[in-house]
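This briefing describes one protein model for a reader who is new to structural data. Please keep the sequence and the three-dimensional view at hand while reading.

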Amino acid sequence: MAIRILLLVLAVGWTPYGMYCLAFPEFLGPIAGVEATTATAVAELRAMYGGLQIAVGLSALVGFLRSDYIEKALWVQVVAVGGIGSGRLVGVLAGGDLSGYTLGALIFEWVTLALCVAALRTLPRAA
């Protein structure tokens with residue numbers, strides 16, 4: 001039951017944020033310092049901050065709703081969030097700047113990764 005609650009929390013965290021970023025990508029300017037200056041850049045923000053985050057959130061929702069998808073949903077979180085968190089950490093180390101937004105995102109991503117890996121370890125192993 002704790003794993004399903006984790007997946008629900010992740011679905012509620014990722015999906016609305018992604019929807020908001022999809023609809024209002026300019027929102028990222030003041031909070032994350034990410035500003036789009038061309039139509040292509042706006043599309044990129046909508047894809048990566050909107051579409052990707054919606055997909056990660058909806059995968060968690062499917063795992064919450066369907067017990068036969070729990071393991072798959074956890075793996076989506078591990079791979080996607082691990083990639084996002086790793087990329088962000090490399091960016092911080094390479095760039096030497098750590099804003100409040102970036103710190104909060106790193107904490108969320110690495111805690112999510114740790115919780116999902118721990119949850120996967122509790123699942124029964126197939127023979």
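Leaving aside residues up to four places away in sequence, Ala73 touches Leu7, Ser59, Ala60 and Gly63. Ala73 is part of helix 4, and the model in which these contacts are found is a predicted one. The points below begin with this residue and then turn to its helix, to other residues and to the whole protein.

**Ala73 and Ser59**

- Is Ala73 buried or exposed? Ala73 counts as buried because its relative accessibility is 4%, and buried means under 20%.
- Ala73 and Ala60 are 13 residues apart along the chain, and their C-alpha atoms are separated by 5.3 Å.
- Ser59, one of the residues that Ala73 touches, is located in helix 3.
- With a relative accessible area of 16%, Ser59 is buried as well, since this value also falls under the 20% limit.
- Which residues does Ser59 touch, not counting those up to four places away in sequence? They are Ala73, Val76 and Gln77.

**Helix 4**

- Helix 4 covers residues 70-95, a run of 26 residues.
- From its first C-alpha to its last, helix 4 reaches 36 Å, which is close to the 38 Å expected at 1.5 Å a residue.
- The buried residues of helix 4 include Ile70, Ala73, Leu74, Gln77 and Val78 in its earlier part, and Arg88 and Val92 further along.
- Two glycines, Gly82 and Gly85, are also among the buried residues of this helix.
- Against which helices do the buried residues of helix 4 pack? Their partners are helix 1 (2-23), helix 3 (39-65) and helix 5 (100-122).
- Gly96 comes just after helix 4 and takes a positive phi of about 75°.

**Two residues of helix 1**

- Ala2 lies in helix 1 and counts as exposed, because its relative accessibility is 62% and exposed means over 50%.
- Although Ala2 and Ala119 are 117 residues apart in sequence, the distance from C-alpha to C-alpha is 8.7 Å.
- Met19 is also placed in helix 1; at 46% relative accessibility, Met19 counts as partly exposed, because this value lies between the limits of 20% and 50%.
- Met19 and Leu65 are 46 residues apart in sequence, and their C-alpha atoms are 20 Å apart in space.

**The whole protein**

- How many helices and strands does the protein have? There are five helices and zero strands, and the pattern along the sequence is α-α-α-α-α.
- A compact globule of 127 residues would have a radius of gyration near 14 Å, and the 16 Å of this protein agrees with that value.
- Along the principal axes, the C-alpha atoms fill a box of roughly 50 × 30 × 20 Å.
- Of the 127 residues, 34% count as buried.
- When contacts between residues at least 6 apart in sequence are considered, 68% of them join residues at least 24 apart.

**Surface and charge**

- The protein exposes about 7,400 Å², and carbon and sulfur atoms supply 71% of this area.
- The protein has 7 positive and 7 negative charges, and the mean positions of these two groups are 15 Å apart.

How values were computed:
Residues are numbered from 1 along each chain as its sequence is written. This is a predicted model: local features need pLDDT of at least 70, side-chain atom pairs count only at pLDDT 80 or more; totals for chains, interfaces and linings use all residues. Side-chain values use heavy atoms; hydrogens and water are left out. Helices (H or I, at least four residues) and strands (E, at least two) are DSSP runs, numbered from the N terminus. The radius of gyration is taken over C-alpha atoms; the globule rule is 2.2 Å times the number of residues to the power 0.38. Buried means under 20% relative accessible area, exposed over 50%, partly exposed in between (1.4 Å probe, protein chains only). Contact means heavy atoms within 4.5 Å. Accessible areas come from the Shrake-Rupley method with a 1.4 Å probe; for residues, only the protein chains shown count as cover. Lys and Arg count as positive and Asp and Glu as negative; His and the chain ends are not counted. The place of a charge is taken as NZ of Lys, CZ of Arg, CG of Asp or CD of Glu. The expected span of a helix is 1.5 Å times one less than its number of residues.
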